[in-house]
Amino acid sequence: MSYSAPQKDMLFNIEHLARIDKVAELPGFEDAGLETAQAVLEECAKLNEGVIAPLNFEGDKDPSYFKDGNVVTTPGFKDAYKQYSEGGWQGLQHPVDFGGQGLPKTIGAACGEMLNSANMSFALCPLLTDGAIEALLTAGSDELKSIYLEKLISGEWSGTMNLTEPQAGSDLAAVRSRAEPLPDGSYKIFGTKIFITYGEHDMADNIVHLVLARVQGAPEGVKGISLFVVPKFMVNADGSLGDRNDVHCVSIEHKMGIKASPTAVLQYGDNGGAIGYLVGEENRGLEYMFIMMNAARYAVGVQGIAIAERAYQKAVAYAKDRVQSRPVDGSMSTGAPIIHHPDVRRMLMTMRAFTEGCRAMASVAASAYDAAHHHPDAEVRKQNATFYEFLVPLVKGYSTEMSLEVTSLGVQVHGGMGFIEETGAAQYYRDAKILTIYEGTTAIQANDLVGRKTSRDGGTTAKAIAEQVAQTEAELLKRDSADAKAVASRLKAAREAFIDVVDFIAGNGRSNPNAAFAGSVPYLMLAGNLMAGWQLGRALMVAEDQLAGGNDAPFMKSKIATARFYADHILTRAQGVRDAVVDGADTVMALSVDDF
């Protein structure tokens with residue numbers, strides 16, 4: 001089935017929850033108001049619906065392949081990438097000084113969702129390029145910026161992140177790739193990197209690898225890691241491409257999902273050393289790489305929302321078309337489309353509520369990012385940065401975990417046909433699985449939430465956000481509608497469960513870390529649940545006001561129904577999570593290693 005970008009819901013979030021009017025008051029974003037957002041989303045939808053989405057199923061059947069040291073991408077990908085780049089989409093959020101459009105993340109995140117809904121395998125190439133751009137903008141020298149940024153931002157060249165090695169997965173302290181300094185200030189890079197997304201392909205003229213390696217004599221562990229730019233082709237003084245660098249793809253992986261995205265094994269230095277250039281200072285590479293990773297983690301969370309949306313659209317279309325059995329209420333005397341059956345509706349509403357809740361949370365996070373980077377008041381920047389940093393592991397962790405539930409439900413709605421690859425429902429389920437793994441597993445996101453975002457400040461940030469949720473509860477309770485009061489009640493119960501867990505985590509983070517970290521993933525899921533439910537509570541109030549004003553009644557009624565469903569069916573999970581974390585932490589560590 002074809003993909004239809006959910007522009008109306010995106011614009012609802014951008015206007016009413018992310019408050020694009022406030023974003024447009026920030027320096028540099030004066031022209032980025034609602035009209036701009038609407039125009040950009042319309043054009044983005046045309047490209048993704050008409051050009052990129054039709055290649056998604058084809059990429060699963062006819063994925064990228066490796067031959068004679070080169071990677072050949074799925075038929076149609078190269079032309080689609082050309083259209084994507086020539087349309088300026090790679091530079092949407094990046095600085096005008098280097099050829100970008102300089103639009104806020106509030107708009108860019110919605111476009112990112114469209115691209116990933118259309119074709120997640122394709123979208124991974126621009127996603128990794130965005131991370132490389134962010135790292136160079138933050139830590140690159142003026143020379144590196146002048147050589148690489150315009151080409152990356154235009155999409156003529158693509159970028160990668162090279163962290164993982166055979167012996168160094170999440171534990172980057174084990175990185176062994178080495179860098180030998182040369183008299184001219186460059187370095188020779190040697191080593192093997194694995195799981196490199198778009199590490200080799202045929203869509204861009206050059207590939208700019210950002211590589212973690214150790215300079216000779218560097219300290220052991222993470223404090224001795226540096227970051228280097230290593231281009232596939234050397235760049236001449238006039239900007240033209242020169243000789244091939246000593247970095248080569250030796251194979252690509254055969255994967256469960258995202259099959260059209262080439263995941264490469266790269267070998268550096270087999271013929272004397274790959275030439276690389278230091279980014280920033282020696283031994284600060286992990287610090288710079290985390291800039292890329294933080295941008296990528298948010299983007300992966302958006303991927304979860306995107307794949308959930310695609311699975312939902314396919315499931316709804318199937319449920320409206322598939323005729324099977326009479327409705328249990330006797331309203332039809334013959335077989336009916338399965339969307340009439342209560343449990344099918346429950347599944348579809350679960351899919352929709354999860355997707356819209358996480359989309360709202362991500363949109364609000366994007367606006368906080370924009371304020372954190374552009375607001376003229378330093379204190380406001382700090383507050384928004386703290387809020388955004390708290391939300392990043394939730395956007396990444398919760399949105400991707402929910403995508404597994406949503407895509408699984410998508411298969412379930414299809415019944416036996418969902419298990420058949422030709423229907424396409426299974427592809428979304430397979431593609432979604434990687435999202436809880438790469439750019440840091442859910443447990444790594446949860447450890448970040450526990451260690452850096454909760455335990456470190458004694459739960460101060462978490463409780464301050466909970467106070468904002470309480471304010472929304474109070475506003476809901478002032479309303480006359482039963483829906484608003486019901487959502488307020490569910491939010492209150494979830495918030496109180498959240499605070500209990502925050503107190504438990506903050507109290508045990510240092511004195512009993514096993515107890516705190518044993519509940520880290522449930523805590524992340526509870527926090528994400530509450531944040532998404534909070535934004536849907538805000539959405540309900542907007543929708544009620546819009547409905548009273550006679551604006552788009554069908555859409556506003558659907559927003560109210562979705563918020564109420566989320567509150568009744570998903571927010572209510574919070575108490576069980578609270579009990580598992582606070583009352584059941586010791587049971588996680590009850591068995592010794594030998595008992596398994």
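Helices (H or I, at least four residues) and strands (E, at least two) are DSSP runs, numbered from the N terminus. The model is predicted: local features need pLDDT of at least 70 and side-chain atom pairs count only at pLDDT 80 or more, while totals for chains, interfaces and linings use all residues. Residues are numbered from 1 along each chain as its sequence is written, and side-chain values use heavy atoms, with hydrogens and water left out.

**Exercise 1. Positive phi angles**

Task: State where Tyr 198 lies, and determine whether Tyr 198 is buried or exposed.

Solution. Step 1: Tyr 198 is located in the loop between strand E5 (187–197) and E6. Step 2: its phi is near 55 degrees, a positive value in a residue other than glycine. Step 3: buried means under 20% relative accessible area, exposed over 50%, and partly exposed in between (1.4 Å probe, protein chains only). With a relative accessible area of 1%, Tyr 198 is therefore buried. Step 4: Asp 552 also has a positive phi, near 45 degrees. Asp 552 belongs to the loop between helix H17 (520–548) and helix H18 (553–569). Its relative accessible area is 32%, so Asp 552 is partly exposed.

**Exercise 2. Two cysteines**

Task: Determine how many disulfides a search of the whole structure finds, and describe the surroundings of Cys 44.

Solution. Step 1: a disulfide is a pair of cysteine sulfur atoms within 2.5 Å. Step 2: searching the whole structure yields zero disulfides. Step 3: for Cys 44, the nearest cysteine sulfur is that of Cys 111, 3.8 Å away, and Cys 44 is in no disulfide. Step 4: Cys 44 has a relative accessible area of 3% and is buried; Cys 111, at 6%, is buried as well. Step 5: Cys 44 is one of the buried residues of H3, which include Val 40, Leu 41 and Leu 47. The cover over the buried residues of H3 includes helix H1 (7–17), helix H6 (105–118) and helix H7 (120–139).

**Exercise 3. Helix spans**

Task: Compare the expected span of helix H10 with the distance between its end C-alpha atoms.

Solution. Step 1: the expected span of a helix is 1.5 Å times one less than its number of residues. Step 2: helix H10 (residues 342–374) has 33 residues and should span 48 Å; the end C-alpha atoms are 48 Å apart, which agrees. Step 3: helix H3 (residues 34–52), with 19 residues, should span 27 Å, and its end C-alpha atoms are 25 Å apart, which agrees. Step 4: H10 is largely enclosed by the rest of the structure, because 26 of its 33 residues are buried. Step 5: Arg 359 lies in H10 and is buried, with a relative accessible area of 4%. Contact means heavy atoms within 4.5 Å. Not counting residues up to four places away in sequence, Arg 359 touches Asp 9, Glu 113 and Glu 309, among others.

**Exercise 4. Strand pairing**

Task: Identify the sense in which E6 and E7 pair, and state which way the residues of E7 point.

Solution. Step 1: two strands pair if DSSP finds at least two bridges between them. Step 2: six bridges join E6 and E7 in the antiparallel sense, and Leu 212 has Leu 227 as its bridge partner in E7. Step 3: E7 also pairs with strand E12 (residues 274–278), antiparallel over two bridges; here Val 229 stands opposite Tyr 277. Step 4: strand E3 (residues 157–162) runs parallel to strand E6 (residues 206–215), joined by six bridges. Thr 160 has His 209 as its partner in E6. Step 5: in a regular strand the side chains alternate between the two faces of the sheet. From E7, Ser 226, Phe 228 and Val 230 point one way and Leu 227, Val 229 and Pro 231 the other, and all are buried.

**Exercise 5. Nonpolar cores**

Task: Name the residues that touch the most other members of the largest nonpolar core.

Solution. Step 1: a nonpolar core is a set of buried Ala, Val, Leu, Ile, Met, Phe, Trp, Tyr and Cys residues joined through side-chain atoms within 4.5 Å. Step 2: the largest such core has 171 residues, of which Phe 498 and Tyr 523 touch the most other members. Step 3: helix H9 (residues 285–321) supplies the largest share of this core, 19 residues. Step 4: apart from this core lies another, of 18 residues, among them Ile 189, Val 230, Ile 252 and Leu 278.
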